[in-house]
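Colleague: Please walk me through this one in plain words.

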Amino acid sequence: MKRNARGNPSQPTNTGITLIKLLAIFLSRDKGGQKRSACPPDYRQPAAAVVAPGRTGCWPHPAFTLVELLSLLAKGKGGQKRSACPPDYWQPAVAVVAPGRTGCRPHPAFTLVELLVVIAIIGMLVGLLLPAVQQAREAARIMQCNNHLRQLGLAALNHESSLRTLPSAGWMLWYVGDADRGLGKGQPGGWNYSLLPFLEQNALFQLPSDGDPETITSQQDAGAVLLCQTPLSIWHCPSRRSVKVYPVKDSSYTSTHPNMSTALREGLKTDYAGNMGTSTTFVIYSPKDYAEAKTYNWSKDVSYDGTIIRHSSLTLGEIRDGTSNTYLLGEKYVQPEEYETGVGNGDNEFVYMGAQEDHLRSTYCPSETNTKGAYSPFQDRSQYSRSEIFGSCHSGALGMTLCDGSVQRVSYAIDPVVHWYFGDRADGRVARLPD
């Protein structure tokens with residue numbers, strides 16, 4: 001009698017049909033069970049078998065079912081059932097095997113300790129995997145946010161290429177975009193509205209139009225309402241908030257506007273702002289209506305040194321520090337608890353309104369030697385209200401679009417003086433963003 005490595009009697013093993021052979025048999029038969037090619041040698045009749053005329057000497061195999069395939073795997077070449085236990089577990093020759101037993105030693109089951117250990121290991125692996133998955137998702141959202149900034153930058157450059165001027169920031173927050181007044185200085189709506197035709201959104205741009213640039217009709221009013229309440233994903237950072245309309249709960253901002261008589265309680269917001277320069281004074285003057293705008297003295301306005309400023313027709317040639325050394329626009333700072341409320345300064349108006357903190361931010365710094373009170377960028381933080389600075393909800397850095405259309409990740413730890421230089425388009429002090 002043959003014995004295995006442990007000295008125990010071994011049982012002859014049946015190698016059985018391999019999976020490849022089974023697939024060959026299965027594929028050699030059609031749906032009716034008819035033979036497509038010669039059948040495998042393992043299934044031929046013994047030499048003594050009488051083969052009828054016209055037969056191949058093979059048993060006629062019907063089409064195999066999944067159950068039959070699994071049954072064949074459980075059998076050896078001779079058709080004998082495989083042993084349930086491996087040869088090393090057979091009892092010695094002198095062992096007495098009770099009737100109905102297989103002669104195998106019983107396999108021990110998992111103990112409670114072993115099960116708990118496996119569960120603990122799986123838990124540790126999941127704990128290590130989840131942070132990596134979250135980081136990968138955030139990296140994807142940052143890429144999407146950068147793509148939004150790049151599209152806005154290219155749209156602004158296309159605006160300049162077509163009209164020989166960068167988009168104007170509009171007049172003031174009381175005004176909404178008006179398609180009948182075209183683009184440039186005469187457009188009371190913000191820079192976001194002026195970019196719509198260059199973002200393949202001309203249909204949205206044309207909504208507040210009635211064909212009369214001086215008169216506000218009910219048709220134009222209804223179009224302006226629809227414009228302000230139509231979601232558009234490019235205005236939102238995917239890490240901060242979803243694409244939808246948001247409420248405006250401050251009563252001072254739900255009143256009627258000079259070119260829109262309907263008081264809105266909710267509308268589309270934006271997470272991006274233009275570079276107004278290094279000034280600390282935002283818009284405080286504006287004509288009260290279109291009639292006054294014809295004779296309004298715009299020269300009493302603050303002199304802004306940024307790239308997207310109100311009632312402007314700025315050209316790329318006026319950016320004397322170089323387009324690769326000057327901010328065009330970027331992500332704006334918003335308090336986390338005010339993402340959904342609509343009550344925070346700098347986030348309480350709609351995306352297509354005129355010049356104000358919702359769409360413009362500053363890079364002010366007192367001086368090269370005194371940076372106390374500088375408008376440095378910050379990551380969004382709770383209970384810290386800043387409506388005049390750039391910032392984002394991303395960790396480590398925010399996205400900024402330069403006037404050459406490139407998008408840079410700017411660290412929150414950037415030197416306030418360097419940040420200041422990048423906000424001024426023509427101060428003669430060229431700076432370089434750190435790697």
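Modeller: First a bit of vocabulary: helices (H or I, at least four residues) and strands (E, at least two) are DSSP runs, numbered from the N terminus. This is a predicted model, where local features need pLDDT of at least 70 and side-chain atom pairs count only at pLDDT 80 or more, while totals for chains, interfaces and linings use all residues. Residues are numbered from 1 along each chain as its sequence is written, and side-chain values use heavy atoms, with hydrogens and water left out.

Colleague: Thanks! Which residues of helix H6 are buried?

Modeller: In H6, residues 218-228, they are Gln-220, Asp-221, Gly-223, Ala-224, Val-225, Leu-227 and Cys-228. Buried means under 20% relative accessible area, exposed over 50%, and partly exposed in between (1.4 Å probe, protein chains only).

Colleague: And what covers the buried residues of H6?

Modeller: The cover includes helix H4 (191-194), helix H5 (202-205) and strand S2 (266-267). Contact here means heavy atoms within 4.5 Å.

Colleague: New topic, the sheet. What order do its strands have?

Modeller: S5-S3-S4-S8-S9, in an open sheet of five strands with mixed pairing. Two strands pair if DSSP finds at least two bridges between them.

Colleague: Which strands stand at the edges?

Modeller: Strand S5 (360-362) and strand S9 (407-411); each has a single partner strand, so one side of each is left without a neighbour in the sheet. From one strand to the next, the twist averages 40 degrees.

Colleague: What about S4: how many of its residues are buried?

Modeller: Five of its five, so to speak of S4 as mostly covered is fair. Three bridges join S4 (residues 327-331) to strand S3 (residues 272-277), running antiparallel, and Gly-274 stands opposite Leu-329 in S4. Another three bridges join S4 to S8, also antiparallel, with Tyr-327 opposite Leu-402 in S8.

Colleague: Which helix packs on that sheet?

Modeller: Helix H3 (residues 112-163), which touches S3, S4, strand S8 (397-402) and S9. The direction of H3 makes about 150 degrees with that of S4. Axes are lines fitted to C-alpha atoms, for helices over the stretch in contact, and angles run from 0 to 180 degrees between N-to-C directions.

Colleague: Why does Ile-121 count as partly exposed?

Modeller: Ile-121, which lies in H3, counts as partly exposed because its relative accessibility is 45%.
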